[in-house]
Each structure stands twice: as C-alpha cells, then as structure tokens.
Amino acid sequence: MARERIRWPLVVDRAREIVDGYAPLKVTLRQVMYRLAAEGVLPHTPPMYRRLSARLAQARREDRFPDLIDTVREVHVPPAWPSVDAFVAEMPGWFRLDRTAGQEHALYVAAEKDTLRQQLTGWLEFAGIPVLIVRGSSSQPYADIVRDRVAHEHRQAHLAVAGDFDCSGEDIERDWVERTGCWSSVTRVLLTYEQVRAYGLPATEGKRDDPRWPAFARRYGFDIKHPVQWEVEALEPDELQRLVLAAVDPYIDRNVLARQITREEQQRRALEEFVGRWGTEGGGQS
C-alpha cells in the first residue's frame with residue numbers, strides 16, 4: 001500500500017470503532033494494528049506500526065481517541081489509603097470466594113500473548129477461571145508454580161489454549177504443555193487451521209528465518225517459500241468471546257457456581273454490616 005494512498009483520518013476513525021467494539025474492556029495498540037491489517041486497511045509492517053502509533057497518540061492528545069492498554073508505561077507504587085476508615089470501607093468490594101470451589105474439574109485458560117490478558121480475564125471472571133499468559137518459551141519457575149497449583153487442586157486439570165495460528169504459536173503450546181506436564185486434556189480453542197478457513201481470515205507475513213516454519217508449512221500444505229501467520233486478534237471481539245465461553249462452558253457446573261456465588265454474597269453482606277458498625281462506633285481514626 002503506497003504511502004500517499006493511506007487516508008489517515010479514515011484509518012483513525014476505523015481504529016476508534018475497533019477499540020469501541022471491545023468496550024468496556026480496553027485493548028492494546030498491537031491488537032488495533034492486527035485488526036487493521038486483517039481488514040486490509042494497513043500493511044502489517046514495523047514502519048506502519050510506528051506510524052499508526054504516532055497517529056493514534058496524536059489523536060489521544062487531542063481527545064479524539066480512547067485510551068489503550070500500555071503494559072509497560074505504568075506508575076508502580078505500593079497501594080495506599082488516606083485513612084484506616086477508607087481502607088475498611090473498600091473491603092466489601094474486594095471480597096470474593098474461589099468460584100471454582102466444588103467444581104469437578106479444574107480449568108485453566110492459557111494465552112500465548114499478553115494482548116489477550118484483559119479480554120480473557122474479563123470474560124472468565126464470572127467463573128473464577130485462572131488465566132495464564134505464556135509468552136514465548138516460558139520460564140521453568142513459572143511452569144513449576146502452575147504445576148504445584150494444579151497438584152494442590154486434587155482434581156483433573158484441563159488446559160484451553162488461545163493464540164495465533166502460526167509455527168511459533170504451535171511450538172509455544174507444545175513447550176508449555178511439556179514443561180508443566182500436569183494436564184488431563186489440552187484443547188486449542190483458537191486459532192486453528194479450520195477456524196482460519198471457516199472465517200476466511202487474511203494471512204500476514206511470517207518470519208522467514210523461523211526454523212519451525214518448514215515443518216509447519218509441510219504439515220498444512222503451505223508454500224515453504226512464503227511464511228505466513230494468522231493473528232487471533234483478527235477475529236471480531238464478539239466471536240472471539242463466544243468461542244472462548246463455548247470452550248469453557250462444559251467444565252462449569254452452573255448449579256455449583258450459583259451456590260458459591262450465593263455464599264459469596266452472604267459473606268459480603270456480613271462484611272458490609274461490620275463496616276457499617278465500624279463507622280457508627282468510631283472504630284477508625286481519620
């Protein structure tokens with residue numbers, strides 16, 4: 001796509017529509033780029049990514065574009081409160097029980113990229129399903145932490161995987177499953193070869209120097225000379241959510257979950273009553 005043919009006001013408008021489509025959740029700049037590339041709006045190249053970043057940053061400064069997730073540029077400070085009364089008043093809102101308690105199976109959802117973190121945690125919070133972010137070749141200590149957690153569950157553990165359809169994504173899944181070695185079953189929720197074909201998702205250029213590409217290409221009948229990949233963010237957010245929720249639903253006993261939520265609400269009300277007595281009895285100091 002030639003530089004002079006890019007109509008940036010239209011690109012920014014489409015990017016805003018993409019971000020709004022995920023509301024109330026937020027997305028990263030990379031997710032926006034994946035969607036624009038999948039739609040053929042922009043070429044999927046590093047220079048174009050930088051240009052998009054600059055354009056959207058300018059639009060945000062002018063209050064013409066919503067905020068994006070930035071997992072790097074954050075202010076890291078210890079939590080603090082203006083008073084003990086303010087601390088106590090917030091407690092009921094934090095309280096929750098383990099909503100997976102009583103379920104026959106333990107389910108974990110693994111994402112190969114951090115860009116999916118907020119979507120997955122937001123969609124799965126209702127059932128308390130743990131989300132794992134497995135970027136690249138994960139550290140062995142992280143794998144050990146997960147394996148120890150699963151061992152303490154004392155029930156069969158199942159892993160659902162979400163990520164790109166490419167040679168590195170398949171290898172990340174293989175490496176993680178081998179490192180943890182604690183799963184009764186592993187299911188790739190997305191992306192799969194069948195989904196790529198069913199949804200007609202456009203491919204982006206893959207890494208030519210990836211040693212895993214030739215075997216991947218032969219396995220699926222791709223041209224070895226032209227590496228390609230499919231980004232999971234190319235799916236519409238509503239469809240991505242539907243596929244994730246459909247995959248986890250068989251592992252959730254809704255009656256068990258409802259009883260646990262009822263217990264949680266009862267205990268939260270008891271905590272709220274305590275907080276009310278704290279305030280009326282002058283339990284704290286301003």
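**Nonpolar cores and the packing of α6 against α7**

In the largest nonpolar core, which comprises 35 residues, the members that touch the most others are Ile129, Leu190 and Leu191. The model examined here is a predicted one. Elements contributing two or more residues to this core are the strands β1 (106-111), β3 (157-162) and β4 (185-190), together with the helices α5 (117-124), α9 (213-220) and α10 (237-248). Among these contributors, α10 gives the most, with 4 residues. The surroundings of Ile129 were examined further: with residues up to four places away in sequence not counted, Ile129 touches Thr100, Leu107, Val109, Leu124, Val248 and Ile252. Another core, of 20 residues, lies apart from the largest one, and its members include Leu29, Leu36, Met48 and Ala59.

The packing of two helices was also analysed. Helix α6, spanning residues 140-153, packs with helix α7, spanning residues 167-180, at an angle of about 60 degrees, and the two axes are 9 Å apart. Because of this angle, α6 is oblique to α7. The two helices cross in a right-handed sense. On the α6 side, the contact is made by Gln140, Tyr142, Ala143, Val146 and Arg147, while α7 supplies Trp176, Arg179 and Thr180. By residue class, the contact of α6 with α7 consists of 4 nonpolar, 2 polar and 2 charged residues. The nonpolar class is represented by Tyr142, Ala143 and Val146 of α6 and by Trp176 of α7. Gln140 of α6 and Thr180 of α7 are the polar residues, and the charged residues are Arg147 of α6 and Arg179 of α7.

Definitions and conventions: Residues numbered from 1 in each chain as written. Predicted model: local features only at pLDDT ≥ 70, side-chain atom pairs only at ≥ 80, totals over all residues. Heavy atoms only, no water. Axes fitted to C-alpha atoms, helices over the stretch in contact; angles between N-to-C directions. Parallel < 35°, antiparallel > 145°, perpendicular 65-115°, else oblique. Left-handed = near helix turned anticlockwise from the far one by under 90°. Contact = heavy atoms within 4.5 Å. Core = buried A, V, L, I, M, F, W, Y, C linked by side-chain atoms within 4.5 Å. Buried < 20%, exposed > 50% of the residue type's maximum accessible area, 1.4 Å probe, protein only.
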